[in-house]
Amino acid sequence: MSWSIQIAKILGIPIRLHLTFLLLIGWLGVLGVQSGSLTLFFLSVGVFACVLAHELGHSAVAQRYGVRVLDITLLPIGGLARMATIPKNPREEFWVAIAGPLVNFVLAPLFYAAHLIWEPAVAPLRLMDAPGALLGKLAYVNLMLGLSNLLPAFPMDGGRVFRALLARRMPYPRATQMAAQLGQLVAFFLGFLGLTGPNLMLTLIAIFIFMGASEEHLRVQTQSFVEGVPVREAMLTEFHTLTRGDQLGRAVDLLLAGTQQDFPVTDWVGSQQVVGVLTRRRLLEALAHGGRAVYVSEVMEPAPPPVPPDMALQEVMDRMAGEGATIVPVHTADRLCGLLTTENVSEYLLVRAALIQNPEAPPA
């Protein structure tokens, strides 16, 4: 994620802090110095440590099921664990989703016990209003984190738990649709409460939940479009390649003359071995700094591992999304036979969706 820096690695997972999070912590520190009490500052740090523990709970269980966790980013609004894929097995998705709240439910009584030992006892319902009581406040926060995340609405953990339970009895896309619809109903209810309150934070949460539910439904619907489809059906078969010795001027000419935006790079003309890729983004950056005379070899990026044409399209799409790749070479045993690009995949999905709406039409 852009605008974030890596601060640690836990369980082999990069832990990143978004720069806006650093600004928030700095601002709270200044307020604490001005008010003569750093309780709010330490409480905020403690809350985000608990959020990190929550995301690590998800990640640890996901890794146990063979899911690669790309990174965890801490933002002012919470934490985000990026995974290369989401388990489709209902049992696995259930445990990955429930693991985060369970971590909070374990931490809550631990913090409350520590509060009773080291801090003046405060009634549970008055913890957030009491001065000091940092450990007690963290107990309350963990309880609320666990309960709020179990709300049965995407993208909350409860939405994924609900889908996993439904998927035991019905097809995965149908389970996602029902869970997403429930999430949208929850969002409308929260939005109504937020607008009549008025409560701006509740309204923003409602918008976040509604958008998350819609995006999850669209994602799974897209997956259903390509279920059982091999790469060869969606790959680009008419394409241009560049060589290390080409100048960017040739790439510009090819870009403007056709629809291809990303180019595989080989050692020489006619070679079938892809040694790098030149993406549209990288091309424009290099042109801005060096112009058309810059050599491709100076600015190309490492080539993603090639895939065979019979590989499942969904598997390659998941890999591209997880690695942020926009182009993947497709190889048979001895030659470069195609390219899979984000643009071509998008076009294929549009065609596939249109054909699915007409059951009498032949498949794409």
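The structure, a predicted model, holds two aromatic pairs, where rings of Phe, Tyr and Trp (its six-membered ring) pair if their centres lie within 6.5 Å, planes under 30 degrees apart being stacked, those over 60 edge-to-face and the rest tilted. One of them is formed by Phe 94 and Trp 95, an edge-to-face arrangement with 5.2 Å between centres and 85° between the planes. Phe 94 is buried, its relative accessible area being 18%, and Trp 95 is partly exposed at 38%; buried means under 20% relative accessible area, exposed over 50%, and partly exposed in between, with a 1.4 Å probe and protein chains only. Phe 188 and Phe 210 form another edge-to-face pair, 5.5 Å centre to centre with 65° between the planes. This pair links distant parts of the chain, since Phe 188 belongs to helix 6 (residues 172–196) and Phe 210 to helix 7 (residues 200–225), 22 residues apart. Phe 188 is exposed, with a relative accessible area of 55%, whereas Phe 210 is partly exposed at 32%.

Residues are numbered from 1 along each chain as its sequence is written. As this is a predicted model, local features need pLDDT of at least 70 and side-chain atom pairs count only at pLDDT 80 or more, while totals for chains, interfaces and linings use all residues; side-chain values use heavy atoms, with hydrogens and water left out.

Helix 3 comprises 29 residues (residues 90–118). Helices (H or I, at least four residues) and strands (E, at least two) are DSSP runs numbered from the N terminus. The expected span of a helix is 1.5 Å times one less than its number of residues, so helix 3 should span 42 Å, and its end C-alpha atoms, 43 Å apart, agree with this. Helix 3 nevertheless bends by about 35° at Ala 99, with a proline, Pro 101, following within four residues; the bend at a residue is the angle between axes fitted to the seven residues ending there and the seven starting there. At the N-terminal end of helix 3, Asn 89 acts as a cap, with a side-chain oxygen 2.9 Å from the backbone nitrogen of Arg 91.

The next topic is the sheet. Strands 5, 6 and 7 form an open sheet in the order 5-6-7, with mixed pairing. Strand 5 (242–243) and strand 7 (274–278) stand at the edges with a single partner strand each, so one side of each has no neighbour in the sheet. Two strands pair if DSSP finds at least two bridges between them. Strand 5 and strand 6 (residues 263–266) run parallel and are joined by two bridges, with Leu 242 opposite Val 265 in strand 6.

Salt bridges, each a side-chain nitrogen of Lys or Arg within 4 Å of a carboxyl oxygen of Asp or Glu, number nine by this rule. Among them, Asp 267 pairs with Arg 244, the closest N and O atoms being 2.6 Å apart. The two residues come from distant parts of the chain, 23 residues apart: Asp 267 lies in the loop between strand 6 and strand 7, and Arg 244 in the loop between strand 5 and helix 8 (248–257). Asp 267 is partly exposed at 33% relative accessibility, and Arg 244 is partly exposed at 35%.

Another salt bridge joins the side chains of Arg 292 and Asp 253 (3.2 Å, N to O). Arg 292 lies in the loop between helix 9 (280–290) and helix 10 (296–299), and Asp 253 lies in helix 8, 39 residues apart. Both count as partly exposed, Arg 292 at 44% and Asp 253 at 42%.

Within helix 9, Arg 281 and Glu 285 are four residues apart, about one turn of the helix, and form a salt bridge whose closest N and O atoms are 3.1 Å apart. Arg 281, Arg 282, Glu 285 and Glu 301 are linked in a network of salt bridges.

Strand 8 (residues 327–331) is mostly covered, five of its five residues being buried. Ile 327, Pro 329 and His 331 cover one side, and Val 328 and Val 330 the other, all of them buried. Strand 8 pairs with strand 9 (residues 336–341) in the antiparallel sense over five bridges, and a hairpin joins the two through four residues. Within this pairing, Val 330 stands opposite Gly 338 in strand 9.

How values were computed
A polar contact is a pair of N or O atoms within 3.5 Å; within protein, one must be able to donate a hydrogen and the other to accept it, and residues adjacent in sequence count only if both atoms are side-chain atoms.
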